[in-house]
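Visitor: I would like to go through this structure by question and answer. Please show it first.

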Amino acid sequence: MKVIIHDLDPEEFLKAFPDLKNRDDVRIIAETEGPMNKCIGCFGCWIKTPMQCIIKDGYHDIPTRFGGEETIIISRCVYGGYSRFIKNIFDRNIGGGTPFFEIRDGELKHVMRKKKDKSSNLTVYMYGNNITDLEKEMMTGLYIANKANMGSDTAGELHFIKDVYEEVPL
């Protein structure tokens, strides 16, 4: 399964990539279900309702939708990080892990609820016209951390682009 998570206008995105609309092997996560509320840190998704957020805003099941064999993230670069929507996706995905820890590759990580049976791929496209070198450096660190959280066998690349519709090969 290919999962595409983006912060672009959903209608413009599907106009630009019409072949993705009806594919069974592609899941698109975009702001199509209304505004996404931010994680309130209640940890209900860890303890009370595993994999389900208590906030019922259409994104309560992000841990079940996030990730696949190939995850592609398209985000505006905001101060060296993801846009508000993409950051919220990562925060609301915390229910995919447990409150317990393990050491993986020499780092302390949360134990994941779902065990991967295949290696995965995380590719991130950060767009913006004036991304500074400092923002690129900050985003590179964040990308490395995100990739490590997905497992040491996670492959992929981070790209800084100006035009999503011309530079992202979907």
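Visitor: Which side chain does Asp91 meet in a salt bridge?

Guide: This is a predicted model, and every value here is computed from it. Asp91 lies in helix 4, and its partner is in that helix too, four residues apart, about one turn of the helix. With a relative accessible area of 27%, Asp91 is partly exposed. The N to O distance of the salt bridge is 2.8 Å, and the partner is Lys87.

Visitor: Which residue forms a salt bridge with Glu33?

Guide: Glu33 lies in the loop between strand 2 and helix 2, and the partner lies in helix 3, so the pair ties together parts that are 32 residues apart in sequence. Glu33 is partly exposed at a relative accessible area of 36%. The closest N and O atoms are 3.3 Å apart, and the partner is Arg65.

Visitor: Is Arg65 buried or exposed?

Guide: Arg65 is linked with Glu33 and Asp61 in a network of salt bridges. The cut-off for buried is under 20% relative accessible area. Arg65 has 15% relative accessibility, so Arg65 counts as buried.

Visitor: Which side chain meets Lys109 in a salt bridge?

Guide: Lys109 is buried, with a relative accessible area of 10%. The partner counts as partly exposed, at 40% relative accessibility. The N to O distance is 2.9 Å, and the partner is Glu107.

Visitor: Which residue in the turn of the hairpin formed by strand 4 and strand 5 has a positive phi?

Guide: Strand 4 (residues 97-104) and strand 5 (residues 107-112) pair in the antiparallel sense over five bridges. Arg104 stands opposite Glu107 in strand 5. Two residues lie between the strands, and the one with a positive phi, of about 55 degrees, is Asp105.

Visitor: Which strands stand at the edges of the open sheet?

Guide: The sheet has five strands with parallel pairing, in the order 2-1-3-6-7. Each edge strand has a single partner strand, so one side of each is left without a neighbour in the sheet; the two are strand 2 and strand 7 (158-161).

Visitor: What is the bridge partner of Lys2 in strand 2?

Guide: Strand 1 (residues 2-6) and strand 2 pair in the parallel sense over four bridges. In strand 2, the residue bridged to Lys2 is Val26.

Visitor: How many aromatic pairs are there, and what kind is that of Phe13 and Phe17?

Guide: The count comes to six aromatic pairs. The rings of Phe13 and Phe17 are 5.1 Å apart centre to centre, with 50 degrees between the planes. Planes under 30 degrees apart count as stacked and over 60 as edge-to-face. The angle falls in neither range, so the Phe13 and Phe17 pair is tilted.

Visitor: What kind of aromatic pair do Tyr59 and Phe85 form?

Guide: Their ring centres are 6.0 Å apart, with 75 degrees between the planes, which is edge-to-face. This pair links distant parts of the chain, with Tyr59 in the loop between helix 2 and helix 3 (62-65) and Phe85 in helix 4 (residues 84-92), 26 residues apart. Tyr59 counts as buried at 1% relative accessibility, and Phe85 is buried at 2%. The kind of pair is edge-to-face.

Visitor: Which residues form the nonpolar patch on the surface?

Guide: One member lies in the loop between strand 2 (26-29) and helix 2 (44-47), namely Phe43. At 38% relative accessibility, Phe43 counts as partly exposed. The patch has about 280 Å² of accessible area together, and its residues are Phe43, Ile47 and Ile94.

Definitions and conventions:
Residues are numbered from 1 along each chain as its sequence is written. This is a predicted model: local features need pLDDT of at least 70, side-chain atom pairs count only at pLDDT 80 or more; totals for chains, interfaces and linings use all residues. Side-chain values use heavy atoms; hydrogens and water are left out. Patches are made of residues with over 30% relative accessible area and no salt bridge: like charges are joined within 9 Å, nonpolar side chains (Val, Leu, Ile, Met, Phe, Trp, Tyr) within 5 Å. Accessible areas come from the Shrake-Rupley method with a 1.4 Å probe; for residues, only the protein chains shown count as cover. A salt bridge is a side-chain nitrogen of Lys or Arg within 4 Å of a carboxyl oxygen of Asp or Glu. Buried means under 20% relative accessible area, exposed over 50%, partly exposed in between (1.4 Å probe, protein chains only). Rings of Phe, Tyr and Trp (its six-membered ring) pair if their centres lie within 6.5 Å; planes under 30 degrees apart count as stacked, over 60 as edge-to-face and the rest as tilted. Two strands pair if DSSP finds at least two bridges between them.
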